[in-house]
Structures are given as C-alpha cells and as structure tokens.
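Biologist: Hi! Could you walk me through the charged pairs in this one?

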Amino acid sequence: MTSSTRPLLNRRLAEFGTTIFAEMSALAVQTGAINLGQGFPDTDGPEEVREAAVRALRDGRGNQYPPGPGVPELRTAIAAHQERRYGLSYDPDTEVLVTAGATEAIAATLLALLEPGDEVIALEPYYDSYAACIAMAGGTRVPVTLRPHEGSFRLDLDELRAAVTDRTRLLLINTPHNPTGTVLTREELTAIAELAVERDLLVVTDEVYEHLVFDEAEHLPLATFPGMRERTVTIGSAGKTFSFTGWKVGWVTAAPGLVSAVRSAKQFLTYVSSGPFQYAVAEALALPDSYFTAFREDMLAKRDLLAAGLADAGFEVFRTAGTYFITTDIRPLGESDGFAFCRALPERAGVVAIPNAVFYDHRDQGAPFVRFAFCKQTAVLEEAAKRLKALAG
C-alpha cells in the first residue's frame, strides 16, 4: 500500500470511472433482464465470414504478429470498399491502417494529432471514449450539442461555427450518430467541409455505422467533399457491419502524412491485433451488395418493431435515421432522471437501457433521454416490447 496522499489516477482521467455499459450489463445479468443497453448483436454475422476466420487459423495465417499496418489483403479490401462505395481512392500501402476496432483508431488518431491545450469540437451527445481519448491526449473538448427538432436531433451550424477558436485543432464528427440516430445531411456536411477549409482544421470522422442508414437518409463520407480528402481521417469498423464486434477490427483511411502520424501512436498501443480475423474481414468487405442491403433491411424492420413498442409503452420516440439505437424521452412517463429510470427499469419491466446523460458534458441536458439498442433477435425485441407495456399501465 502506498503512503502517498497523491491520487493514484492521473487528473486527466479522474472524471472517468467504470463505464455505464459495464454497470448496466452487470445489472442485466443480475436481474435476468433483456439487455437493450450495450450495442452488440445477439447473433453472429455471415457464416462464410466466420468460416474464413477458421480457415485462416487452420492455415496458420495471422497466428503470429501480423504486419503493423495490417495484413495486405485487408488493406487492399478496405481501399477497394472505399472506391466501390464512395469513389474514394486510397493507396493500401500508405493510406490505410488497420486498428484494434474503431475505439483504438479514435485513441491513436487523437493521441497523434493533438498537442496539450488543443481544442476538439465534438458533436454532443457523444460516444464516451471520445471524451476520455481527448483527455488522454491533453486536449480540451468543446461540445456542440445536437438538439431535438421535429422528431429527431439536429445540428445547429451557427453554433458549430461559433465554437471554432484560434485554439481549435480538429472537428470530431460522428455520422451516422450514436446515440441519437442522426445522419448528417449533404447541406450540413457541406457547411462542415467549408468551415474546415476556411479555418484550416483537421477532421476526424467516425463512420462505423456507414451501412446502417434508413428511409431517405444517405451516408456521405466527409472525405468526398471539396478540400476534405487531404485533411480528413476516416474511421471504419467491421464489428457493426458484419456483427462480429468481438473481433475488434477497425481501420483508418487518410492521406499518407495523417496515416503515418496515426500509425506512430498506434504502434505503442496494441502494436498489432486480430491476426486471423483480418483475413476474414477482407473477405467480408468483398461480399456482394445484396448482403449489405439485406443487413440494412433486417435492422430497419427491427427498428420499426422496437420503436412501435416504445411508443406503445408511453415514451416519446425520436426518429432513427441510422445506427442501431433509438433515443427516447421519458418525460411522457412522468420521469425526468434517466439514470434513476434506467437503474430501476430492470426491476420494473425486465429491460436494460442506457441513460443518454452519460454522453453529455453537462448531464442535465441529456437527463430525460434514454437509449435502446435494436440489434437483437426479433423474438427478443418482441418480448422487450411486451415487458415495456407495463410502464403504460
């Protein structure tokens, strides 16, 4: 035991405790509740992709350290995917980097590109690792809040422009957006691109839900906009698209100088990871368009099922244009504290959700909002909707 009175956890991370996901998942196990909190599917992805991983293991591919930037087959497949889907051309050798999931990609990028005191503008509410990674890099986060407007959450472009100062180093953009389900429009992305060029800002775009956009929404990579190819770090991931979240295979695509910078940080984090799975993801990215279409349509049906169940239970349900999350407002149920509501929900209704307040700097702004995940089997969602009806009674 140390006799020092100095706190063991450094001040940059002092505000971050155990994540809410660990707490709520443990509560689901303890109570036997249906876990609609943490965003992971309850079924595996395509059988041919799983078999590709088994084949790689048996063939001895990736069982030892893979190359630092990622195996050539996967880097080539990532570049081909970006070209085929979006017309973005990347050199697999100098403009693609494989990471241990999108979370490491975010961490390595921010550690590489930020100096202490640099400001980072992020769209609030945001994935909790953003705040922690900015803090670890010594940066200062500046939230620009998405607010409810006509049934969804929208970005105020004037507020975004006003947030930029001489200390702003980069914009951290997430679209499709977790947890609100917002997909930024062409008009919004055009304005973001123009602002980045005008103020000479770097942009990091988290696009892990790129294949989960619904209705009339369209995913438009920011790197495709004028002036953005050379200043944008795009982050992707296999976990959300192929339902193998445990494999932790993510990637960065960017101009050579940016990829080199990110690689400099990444090599001292995990060094390398997911060897055999990299070969499997390379095959997954080459799946025909019919796979991506069927995947999206399946999730759309599940979105509609859960949204209807939540509405029947008395929640205000915000429109989800992308991701596999639905944000709700609990005030129509006579509630206003999302933390208290979510901690009581397993006993009240046998369902686990996440309080959106954990994704806000000023938690009172997110207090009445609660997030549910619909990336579960249809029967599980039907049972959850049935249980939640108890709240309406």
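Modeller: Happy to; here is a short chat about salt bridges. This is a predicted model, where local features need pLDDT of at least 70, side-chain atom pairs count only at pLDDT 80 or more, and totals for chains, interfaces and linings use all residues. Residues are numbered from 1 along each chain as its sequence is written, and side-chain values use heavy atoms, with hydrogens and water left out.

Biologist: How many salt bridges are there?

Modeller: The count comes to 21, taking a salt bridge as a side-chain nitrogen of Lys or Arg within 4 Å of a carboxyl oxygen of Asp or Glu.

Biologist: What does E23 pair with?

Modeller: E23 meets R343, at 2.7 Å from N to O. E23 sits in helix α1 (residues 20-31) and R343 in helix α12 (residues 338-349), so the bridge ties together parts 320 residues apart in sequence. Helices (H or I, at least four residues) and strands (E, at least two) are DSSP runs, numbered from the N terminus.

Biologist: And is E119 buried or exposed?

Modeller: Buried, with 9% relative accessible area; buried means under 20%, exposed over 50%, partly exposed in between (1.4 Å probe, protein chains only). E119 bridges to R167 at 3.0 Å, N to O. E119 is in strand β3 (residues 119-124), while R167 is in the loop between α6 (157-163) and β7 (168-174).

Biologist: Switching topic, which residues form a network with E47?

Modeller: D44 and R50; salt bridges link these residues with E47.
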